[in-house]
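Let's take a tour of this protein, one spot at a time. Keep the structure open beside you while you read.

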Amino acid sequence: MAMSREGIPCWFFVVVLVRDESGRFLLVHEAKHGGGWYVPAGRVEAGETFGQAAQRETMEESGVPIHLEGILRIEHTPGPVASRMRVIYVAKPADDTPPRTTPNEHTLGAAWYSLDDMRGLDLRANDFIPLVLQVARGVPVSPVGLIGEEI
């Protein structure tokens with residue numbers, strides 16, 4: 001007799017590495033998670049694609065509209081009762097809208113920082129620094145279309 005298997009809960013997140021023409025990266029000053037600076041990131045909402053979540057989270061947290069350029073990596077972290085999946089995007093600003101400097105419900109503000117400038121910041125976590133370094137070095141990225149809806 002075959003046993004039925006229950007689904008494994010999985011949380012989906014996006015991380016967005018936005019780089020401007022001068023090579024600076026967009027960081028947001030977190031209002032939650034103990035504060036500190038981080039790259040735009042957040043959970044994918046119901047009915048939303050990864051790409052839509054990346055654009056929404058970046059806009060909510062920084063006020064900067066973006067154009068997704070590619071996918072740096074996809075991470076899957078299995079856990080004992082649930083798992084987590086993160087899609088890490090590389091993006092550029094869609095126009096010259098400056099980062100928001102006033103607080104809202106998502107962040108205290110946002111700003112462009114060079115790699116050198118990041119070293120002096122109070123970071124929420126430094127797990128994004130190796131990713132930023134890869135982008136700064138010009139590592140190849142996969143096309144945004146790598147992730148698509150089922151056919």
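Leaving aside its neighbours within four places in sequence, which residues is threonine 101 in contact with?

## A residue out in a loop

Threonine 101 is in contact with Leu108, Gly109 and Ala110, once those sequence neighbours are set aside. Bear in mind that this is a predicted model. You'll find threonine 101 in the loop between β6 and β7. Its relative accessible area is 64%, and because exposed means over 50%, threonine 101 counts as exposed.

You can also look across from threonine 101 to glutamate 30: their C-alpha atoms are separated by 12 Å, while along the chain the two are 71 residues apart.

## Helix α1 and its cover

Now find helix α1, which runs over residues 50–62 and has 13 residues. From its first C-alpha to its last it reaches 18 Å, close to the 18 Å expected at 1.5 Å a residue. Right after α1 comes glycine 63, with a positive phi near 80 degrees.

Which residues of α1 are buried? They are Phe50, Gly51, Ala53, Ala54, Arg56, Glu57, Thr58, Glu61 and Ser62. Here's a handy thing to know when you look at such a list: an α-helix has 3.6 residues a turn, so residues three or four places apart point the same way. As for what covers the buried residues of α1, the cover includes the strands β1 (10–18), β2 (25–30), β4 (41–43), β5 (66–78), β6 (83–93) and β7 (107–113).

One of the strands in that cover, β5, is home to leucine 68. With 11% relative accessibility, leucine 68 counts as buried. Apart from neighbours within four places in sequence, leucine 68 is in contact with Gly51, Ala54, Gln55, Tyr89, Val90, Ala91 and Val144. Valine 15 sits 12 Å from leucine 68, C-alpha to C-alpha, with their places 53 residues apart in sequence.

## Two pockets

How much space lies in the largest pocket? About 470 Å³. Of the 21 residues that line the largest pocket, His33, Ala41, Gly42, Arg43 and Glu61 are the closest to its centre. At least two lining residues come from each of β1, β4, α1 and β6, and α1 gives the most, with 4 residues. Sort the lining by class and you get 13 charged, 5 nonpolar and 3 polar residues.

The second largest pocket holds about 170 Å³ of space. Its lining is made up of Gly47, Glu48, Thr49, Phe50, Gly51, Tyr89, Val144, Ile147, Gly148 and Glu149. By class, that lining has 4 nonpolar, 4 polar and 2 charged residues.

## Rings that pair up

Time for some aromatic rings: the count comes to 3 aromatic pairs. In one of them, the rings of tryptophan 37 and tyrosine 113 have their centres 5.2 Å apart. Why is this pair called edge-to-face? Planes over 60 degrees apart count as edge-to-face, and the planes here are at 75 degrees, so the pair fits that description. Because tryptophan 37 lies in strand β3 (residues 37–38) and tyrosine 113 in strand β7, the pair ties together parts that are 76 residues apart in sequence. Tryptophan 37 counts as buried at 14% relative accessibility, and tyrosine 113 counts as buried at 17%.

The rings of tyrosine 38 and phenylalanine 128 also pair up, with centres 5.3 Å apart and planes at 80 degrees, so they are edge-to-face too. This pair links distant parts of the chain, 90 residues apart: tyrosine 38 is in strand β3, and phenylalanine 128 is in the loop between α2 (115–118) and α3 (129–137). Tyrosine 38 is buried, with a relative accessible area of 3%, and phenylalanine 128 is buried, with 0%.

## A leucine among the rings

Finally, look for leucine 27 in strand β2. Is leucine 27 buried or exposed? Its relative accessible area is 0%, and buried means under 20%, so leucine 27 is buried.

Not counting residues up to four places away in sequence, leucine 27 touches Trp37, Tyr38, Tyr113 and Phe128, among others. The list also includes Val39, Ala110, Ala111, Met118 and Leu121. Leucine 123 is 96 residues from leucine 27 in sequence, and the two are 9.7 Å apart in space, C-alpha to C-alpha.

Notes: Residues are numbered from 1 along each chain as its sequence is written. This is a predicted model: local features need pLDDT of at least 70, side-chain atom pairs count only at pLDDT 80 or more; totals for chains, interfaces and linings use all residues. Side-chain values use heavy atoms; hydrogens and water are left out. The expected span of a helix is 1.5 Å times one less than its number of residues. Buried means under 20% relative accessible area, exposed over 50%, partly exposed in between (1.4 Å probe, protein chains only). Contact means heavy atoms within 4.5 Å. On a 1 Å grid over the protein atoms alone, a cavity is a set of points where a 1.4 Å probe fits but cannot get out, and a pocket is an open set with protein on both sides within 12 Å along at least five of seven lines; lining residues have an atom within 4 Å of a point. Grid points are joined across faces, edges and corners, and a volume is the space filled by probe spheres set on the points. Ala, Val, Leu, Ile, Met, Phe, Trp, Tyr, Cys and Pro count as nonpolar, Asp, Glu, Lys and Arg as charged, and the others, Gly among them, as polar. Rings of Phe, Tyr and Trp (its six-membered ring) pair if their centres lie within 6.5 Å; planes under 30 degrees apart count as stacked, over 60 as edge-to-face and the rest as tilted.
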